[in-house]
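Student: I should like to understand the reasoning behind the labels used for a protein model. May we go through them one at a time?

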Amino acid sequence: MTEKEREAIFSNPQAFRQQVRMASVQVASISPGELSFALAYEVEPFSKIPAADADVAWREVPSDDYAFKVYDVAVVSRGRSGHAGGASAGGLAERLVRPALVAACVVLAAIAVDWQLTERRLSSARREASVRRELDAQVGSVNSAARAKRNEADAVRRGREEAARAQGEVDALRRAYLDVMDAVAGVCGGATVVREFKSADAPFAFRIAAVAPSAESAADVMARLEDVVASKGWRLSSGAISSRTGGRTTDFDCRLEYSGEGRSE
């Protein structure tokens, strides 16, 4: 249709005028001729002019929504000419074919809308998956850092425990000789006299030479001394017991060695 023919329809006082809104995706893939028929079909219930018998003129007007296009539509009943039979046959053909074209346009528009919605969903799903991957990576990094900190804390705790244990052992060694000397002084007082302390053949070991009134007294002293030093981590090994000439005193000796076992605080 030429511009002159379009203006003639718009200026025709018998033309039916109406504005029609159609989805942008619905009209994006159809030709101007198909759009003309689709618009005539839209206004047919109001114009009472069958779309197949309508001459249509339209102009696009501004729309307040980008998803829709708005058209100013004018339709008039098409003048019939030529043989009636031919016109009737042509009209019948148009009535059969054009609705099918409109239906096809509607189907294509629906497919386009569905494609756009599907693409939006896919795009949203991709963005969500990307965000989740980033979050998973961040969570993995935090978990890894947490494990490293726990391992570091465990190592520090073990180091402190070992240091405390070592310090305890050092403190026990420092007190070892004081403890055993207190034990010897407590047990060997009175009639038993300690004559000599001598170094033994190992660290934290020494020998005692003492004098007791009798062999029985010497044995009793060593037995009691063995019990007392055992609670302080020392082991006592009995030595020789011999009576002096005349039998009035008895010499004896024993060996003491620190083991730390059985020590009571």
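Tutor: What follows is a discussion of how labels are assigned in this model, which is predicted.

Student: What is the pattern of helices and strands along the chain?

Tutor: The chain has five helices and seven strands. From one end of the sequence to the other, they follow the pattern α-β-α-α-β-β-α-β-β-α-β-β.

Student: How much of the chain counts as buried?

Tutor: The chain has 265 residues, and 26% of them count as buried. The label requires a relative accessible area under 20%.

Student: Why is V229 called buried?

Tutor: V229 belongs to helix α5, residues 215-230. Its relative accessibility is 0%, and the limit for buried is under 20%. V229 is therefore buried. Its C-alpha atom is 9.3 Å from that of M181, although the two residues are 48 apart along the chain.

Student: M181 appears again in a surface patch. What makes Y177, M181 and F197 a nonpolar patch?

Tutor: Membership requires over 30% relative accessible area and no salt bridge, and nonpolar side chains are joined within 5 Å. Y177, M181 and F197 form such a patch, with about 270 Å² of accessible area together. F197, in strand β4 (residues 193-199), may serve as the example. Its relative accessibility of 44% is set against the cut-off of over 30%. The value lies between the limits of 20% and 50%, so F197 counts as partly exposed.

Student: How do you know that K69 and E60 meet in a salt bridge?

Tutor: The criterion is a side-chain nitrogen of Lys or Arg within 4 Å of a carboxyl oxygen of Asp or Glu. For K69 and E60 the N to O distance is 3.5 Å, so the pair meets the criterion. K69 has a relative accessible area of 28% and is therefore partly exposed. E60, at 47%, is also partly exposed. The structure holds 14 salt bridges.

Student: What separates E128 and R132 along helix α4?

Tutor: These two residues are four apart in helix α4, which means that about one helical turn separates them. Their side chains meet in a salt bridge with an N to O distance of 2.7 Å. E128 is partly exposed because its relative accessible area is 38%.

Student: Is R255 buried or partly exposed, and which label does E257 receive?

Tutor: R255 has 17% relative accessibility and therefore counts as buried. E257 has 22% and counts as partly exposed, because the dividing value is 20%. The two residues form a salt bridge, with their closest N and O atoms 2.8 Å apart. Salt bridges that share partners join D201, R255 and E257 into one network.

Student: What makes the backbone of K48 worth a remark?

Tutor: K48 is not a glycine, yet its phi is positive, near 60°. K48 is in the loop between α3 and β2. Its relative accessible area is 67%, and exposed means over 50%, so K48 is exposed. A52 is also placed in the loop between α3 (32-47) and β2 (54-61), but at 6% relative accessibility A52 counts as buried. A52 and R78, 26 residues apart in sequence, have C-alpha atoms 8.9 Å apart.

Student: What is the phi of F204, and where is this residue found?

Tutor: F204 has a positive phi of about 50° although it is not a glycine. F204 is found in the loop between β4 and β5 (205-212). At 29% relative accessible area, F204 is partly exposed.

Student: Which residues line the second largest pocket?

Tutor: The lining consists of A23, S24, V25, Y66, A67, F68, V113, Q116, L117 and R120. The elements giving two or more residues to it are α2 (24-27) and α4 (84-187). Of the elements, α4 gives the most, with four residues. The pocket has a volume of about 210 Å³.

Student: How many residues of each class does that lining have?

Tutor: The lining has seven nonpolar, two polar and one charged residues. Arg counts as charged, so R120 belongs to the charged class.

Conventions: Residues are numbered from 1 along each chain as its sequence is written. This is a predicted model: local features need pLDDT of at least 70, side-chain atom pairs count only at pLDDT 80 or more; totals for chains, interfaces and linings use all residues. Side-chain values use heavy atoms; hydrogens and water are left out. On a 1 Å grid over the protein atoms alone, a cavity is a set of points where a 1.4 Å probe fits but cannot get out, and a pocket is an open set with protein on both sides within 12 Å along at least five of seven lines; lining residues have an atom within 4 Å of a point. Grid points are joined across faces, edges and corners, and a volume is the space filled by probe spheres set on the points. Patches are made of residues with over 30% relative accessible area and no salt bridge: like charges are joined within 9 Å, nonpolar side chains (Val, Leu, Ile, Met, Phe, Trp, Tyr) within 5 Å. Accessible areas come from the Shrake-Rupley method with a 1.4 Å probe; for residues, only the protein chains shown count as cover. Buried means under 20% relative accessible area, exposed over 50%, partly exposed in between (1.4 Å probe, protein chains only).
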